[in-house]
Amino acid sequence: MAPSDMAPSDMAPSDMAPGDMTPATARAATNGDAETVLEVQDLKKFFPVKRGLLSSTVGQVYAVDGVSFTIRRGETLGLVGESGCGKTTIGKLVMRLLEPTAGVVKILGTDITAVSGRGLRPYRREMQMVFQDPYSSLNPRMSAGAIVREPLKNYGLDGGSIGGEKQAEALFARVGLKREHMAKYPHEFSGGQRQRLGIARALALNPSLIVADEPVSALDVSVQAQVINLLMDLQVEYRLAFLFISHDLAVVEHISHRVAVMYLGKIVELTDKRTLFTTPLHPYTEALLAAVPVPDPEISRQRLILEGDVPSPINPPSGCRFHTRCPYAVERCRHEEPPLIEVQPGHAVACHLREVGAPPIKLEKRASATA
Ligand SMILES: Nc1ncnc2c1ncn2[C@@H]1O[C@H](COP(=O)(O)OP(=O)(O)OP(=O)(O)O)[C@@H](O)[C@H]1O
Ligand code: SF4
Ligand SMILES: [Mg+2]
């Protein structure tokens, strides 16, 4: 079977990594694990809100507020949630494109938040980013071949004109581009080809981790499938770890081994993708899944309709941040924040109704608004 035909959950263990849990003891258990490529601990990013002539700080955007997870070699963690919940901010914090307000980002066991300047160079090559719009991240004045060789040159790995040319040619072939594409400029490529070029550049330094932020959202559906299958093939070949950020639950279901669901700066549910898509435990996850159209007209999903807009991350609701939209909210939810806890092996959820010892509930049976 070709790698792209395999279900991702057939290729990697789906149990929860110890680093996804909040207790320090569980997190510590991943230290020294050679299979752990990325470990994020209690990561926070607050952006100041400035007003007035003097630009004084009048508040904070709680964009990412205490997020922990791990990703192992050969594993894809999908990151989903509504617009503005903090997905891109997490990607940028992992890449060290933003300084965290608090928390730890470990690449291959080293806390890179404590490293700066030239000391970061060996870690920067281990993590690469693939963007939604490759065009804006590709230098329009450089040929495609030069774009792919640039990271090799930066790290002194270009091997001179012939060696560098050969390396670039091999990368082009690997992502499905032709040799003659090397002389072309970014504006001469189609959207799908540009994304392949972005992937070739990301692969040049043989990284351990790729952060892909909505990498196929701007592409036609048919091209999306090709690029996703390419990423999955490359992952198997190079045992790459992926942090895959997307709005599109169908794409996330296809590519991910595990999925983290975010709401207003926090992870509210994290488990293997099969469990998440068949037996979600958080009301917000259930609502997200209910919003996905079901292709078979014979099958209808009971729909949990979310009322109201996403609250502002400048002034997030007290207690459980989801309580203003949750049909199951009780008084306790308004003032007590539910921690993310492992309620079943490999399945973490942040909801008072799901804590150990709580009576079992079937969410859609209690949905107040159904269609
Ligand atoms: N540089 C910044 N300064 C101030 N606020 C910011 C900054 N970058 C992001 N934010 C805010 O942080 C929150 C999270 O933004 P982020 O871009 O991470 O969301 P997202 O989940 O990626 O959304 P989308 O799905 O629309 O891409 C948003 O409220 C956003 O407005
Ligand atoms: S803690 Fe309360 S408000 Fe939050 S998701 Fe659970 S039931 Fe809903
Ligand atoms: Mg984003």
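Let's start inside the fold, at Met182, which is buried because 20 other C-beta atoms lie within 10 Å, and 20 is the number from which a residue counts as buried. Keep in mind as you look around that this is a predicted model. Met182 sits in the loop that links helix H6 (160-174) to H7. Setting aside neighbours up to four places away in sequence, the contacts of Met182 are Ser143, Ala144, Gly145, Ala168, Glu169 and Phe172. Glu165 is another residue to look for here: 17 residues separate Glu165 from Met182 in sequence, and their C-alpha atoms are 9.3 Å apart in space.

From that loop, follow the chain into helix H7 (residues 191-203), which lies across E6 and E7 and runs at about 175 degrees to E6. This brings us to an open sheet of eight strands with mixed pairing, in the order E6-E7-E8-E3-E9-E10-E12-E11. Strand E6 (127-130) and strand E11 (341-344) are its edge strands, each pairing on one side only. From one strand to the next, the twist averages 25 degrees. Towards the E11 end of the order, you can pick out strand E10 (residues 266-272) and strand E12 (residues 347-349), an antiparallel pair joined by two bridges. Here Leu270 has Ala348 in E12 as its bridge partner.

Now let's turn to the other sheet. This one is also open, with four strands in the order E2-E1-E4-E5 and antiparallel pairing. Its edges are E2 and strand E5 (110-111); each has a single partner strand, so one side of each has no neighbour in the sheet. Strand E1 (residues 36-51) and strand E2 (residues 56-72) are held in antiparallel register over 13 bridges, with Lys50 bridging to Thr57 in E2. The two strands form a hairpin with four residues between them, and in the turn Gly52 has a positive phi of about 80 degrees. E1 also runs antiparallel to strand E4 (residues 102-107), to which five bridges join it. Two places to check this pairing are Lys44, opposite Ala102 in E4, and Leu38, opposite Ile107 in E4.

Which helix lies across E1, E2 and E4? That is H2, running at about 115 degrees to E1. Helix H2 (residues 87-94) also lies across strand E3 (76-80), E6, strand E7 (209-213), strand E8 (241-245) and strand E9 (258-263), at about 150 degrees to E8. H2 therefore lies across strands of the four-strand sheet as well as strands of the eight-strand sheet.

The largest nonpolar core is a good next stop. It has 86 residues, and Ala200 and Leu243 are the ones that touch the most other members. E2 gives the most to this core, with six residues. Leu243 is worth displaying with its surroundings: leaving out residues up to four places away in sequence, Leu243 touches Leu38, Ile71, Leu77, Leu79, Gly91, Val94 and Val211. The Leu38 in this list is the residue we met opposite Ile107 in E4.

H2 comes up again at ligand 1. This ligand is surrounded by 13 residues, the closest being Phe47, Ala63, Ser83, Thr88 and Thr89. E2 and H2 are the elements that give two or more residues to the shell, and H2 gives the most, with three. By class, the shell around ligand 1 has five nonpolar, seven polar and one charged residues.

Let's finish with helix H11 and ligand 2. Helix H11 (residues 283-290) is largely enclosed by the rest of the structure, because seven of its eight residues are buried. Those buried residues are Pro283, Tyr284, Thr285, Glu286, Ala287, Leu288 and Ala290. They pack against E3, helix H9 (249-255), E9, E10 and helix H10 (273-278). Pro283 in H11 is also one of the residues around ligand 2. The others in that shell are Cys320, Phe322, His323, Cys326, Tyr328, Ala329, Cys333, Pro338, Cys351, His352 and Leu353. What is the make-up of this shell in nonpolar, polar and charged residues? Around ligand 2 there are ten nonpolar, two polar and no charged residues.

Note on methods:
Residues are numbered from 1 along each chain as its sequence is written. Chains are lettered from A and ligands numbered from 1 in the order in which they are written. This is a predicted model: local features need pLDDT of at least 70, side-chain atom pairs count only at pLDDT 80 or more; totals for chains, interfaces and linings use all residues. Two strands pair if DSSP finds at least two bridges between them. A residue is near a molecule or strand if its C-beta atom, placed from the backbone, lies within 6 Å of it. Ala, Val, Leu, Ile, Met, Phe, Trp, Tyr, Cys and Pro count as nonpolar, Asp, Glu, Lys and Arg as charged, and the others, Gly among them, as polar. Axes are lines fitted to C-alpha atoms, for helices over the stretch in contact, and angles run from 0 to 180 degrees between N-to-C directions. Two residues are in contact if their C-beta atoms, placed from the backbone, lie within 7 Å. A residue is buried if 20 or more other C-beta atoms lie within 10 Å of its own, exposed if 12 or fewer, and partly exposed in between; C-beta atoms are placed from the backbone. A nonpolar core is a set of buried Ala, Val, Leu, Ile, Met, Phe, Trp, Tyr and Cys residues joined through C-beta atoms within 7 Å.
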